[in-house]
Amino acid sequence: MAEVRRVVLEVPAGYRERERLDLYIARRLEHATRSRVQAAIAAGLVRVSGELATRAGYRVRAGDRIEVMIPKPPPPEVRPEPMELDIRYEDAYLLVLNKPPGVVVHPAFGHWSGTLVNGLLAHVGRLSGLNDPVLRPGIVHRLDKDTSGLLLVAKDEGTHANLARQFQLRTLERRYWALVWGHPEPEGEISAPIGRDPRDRKRMAVLASGKPAVTRYRVLERYEALSLLELRLLTGRTHQIRVHCAWLGHPVFGDPVYGGRTLRYGAERAGRRAAYQALLERLPRQALHARTLGFRHPVTGQWLQFAADPPEDMAEVMELLRRMSHVPSEDH
């Protein structure tokens, strides 16, 4: 019998959109599609305020309590797939690679092939099975699909356990570069708990009930309407940098989930709007890059430090921002 995922959605008070039930659920559940939700309704796997839902077109109302039971498909076998990998370091125990944007790290619903894990299995043959030997072999930490940069991979269980311990003790160092809207303070620390957004399960949010999350940052460059930040993660929550920057009022440029594609901080003015819209078209993703990675080798004890420049799309936008920052506004 297939494993079932149970999720409860509470429609908030004051909700007035009267959205269809299938659309409401699909937009708030990770990996859910409208067709899968409709199939779940037809199979009697959805209840609204305790009553069995019979119509996908039911209009959701404030106060509704929606219970969804969606069968999970069994994970397929992960097959090795030859792939070009930008490997920055490799030995018998681990490797460090530079992930391009647009590549998924490990298989998941909707991405069963073409992931870094598929390519790594073709390159190495065997990876650590400490975390998830089926879908996430060797993956010590992950990056979002559209985030680029350095990623650490373990080849055996002992190496994996040691590196995971370094993460827990915060002795492993990760620094990111991000283009953000506006001009934050020159440096600071963001300490705000993060959890799954109760209104949209595909997003994360700062919540009092969330898990502790701490991000330190400093400004590297300031532009006309944006800044380049270096950020250091002291915890590793899902979407941490993107959520923290948005919560601070400075969302990551280009981020389609957390407000980074909305013009702000002067970029929305008539004389500048077209230029910033053009930059967003050049970078149809969040401008976030895992720039440096440092850790102590689990076997030799040597401190290893690596750095990777931002990919071409982000680097081009940074250069254009430098030029734009020296051009007087046409509104003057």
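**Two helices and some salt bridges in a predicted model**

Let me begin with one pair of helices: helix 6 and helix 7 lie roughly antiparallel to each other, because the angle at which they pack is about 165° and angles over 145 degrees count as roughly antiparallel. I should say straight away that this is a predicted model, so please take every value as computed from it.

Staying with that pair, helix 6 covers residues 273-282 and helix 7 covers residues 312-324, and their axes are 10 Å apart. The crossing of these two helices is right-handed. On the helix 6 side, the residues that take part in the contact are A275, Y276, L279 and R282, and they meet D313, E316, V317, L320, L321 and M324 of helix 7. Sorted by class, this contact has seven nonpolar residues and three charged ones, with no polar residues.

Turning to salt bridges, the structure holds 23 of them, and I will mention two. In one, E67 pairs with R6, with the closest N and O atoms 2.9 Å apart. That pair links distant parts of the chain, since E67 sits in strand 4 (residues 65-71) and R6 in strand 1 (residues 4-10), 61 residues apart. In the other, R203 pairs with D197, and here the closest N and O atoms are 3.6 Å apart.

Finally, a word on confidence: the chain averages a pLDDT of 88, and 90% of the residues score at least 70. Over residues 327-332, however, pLDDT stays under 50, and for this stretch the model has eight contacts beyond four places in sequence. Where pLDDT is low, predicted coordinates should not be read in detail.

How values were computed: Residues numbered from 1 in each chain as written. Predicted model: local features only at pLDDT ≥ 70, side-chain atom pairs only at ≥ 80, totals over all residues. Heavy atoms only, no water. Axes fitted to C-alpha atoms, helices over the stretch in contact; angles between N-to-C directions. Helix = DSSP H or I, 4+ residues; strand = E, 2+ residues; numbered from the N terminus. Parallel < 35°, antiparallel > 145°, perpendicular 65-115°, else oblique. Left-handed = near helix turned anticlockwise from the far one by under 90°. Contact = heavy atoms within 4.5 Å. Nonpolar A, V, L, I, M, F, W, Y, C, P; charged D, E, K, R; others polar. pLDDT = per-residue confidence, 0-100. Salt bridge = Lys/Arg side-chain N within 4 Å of Asp/Glu carboxyl O.
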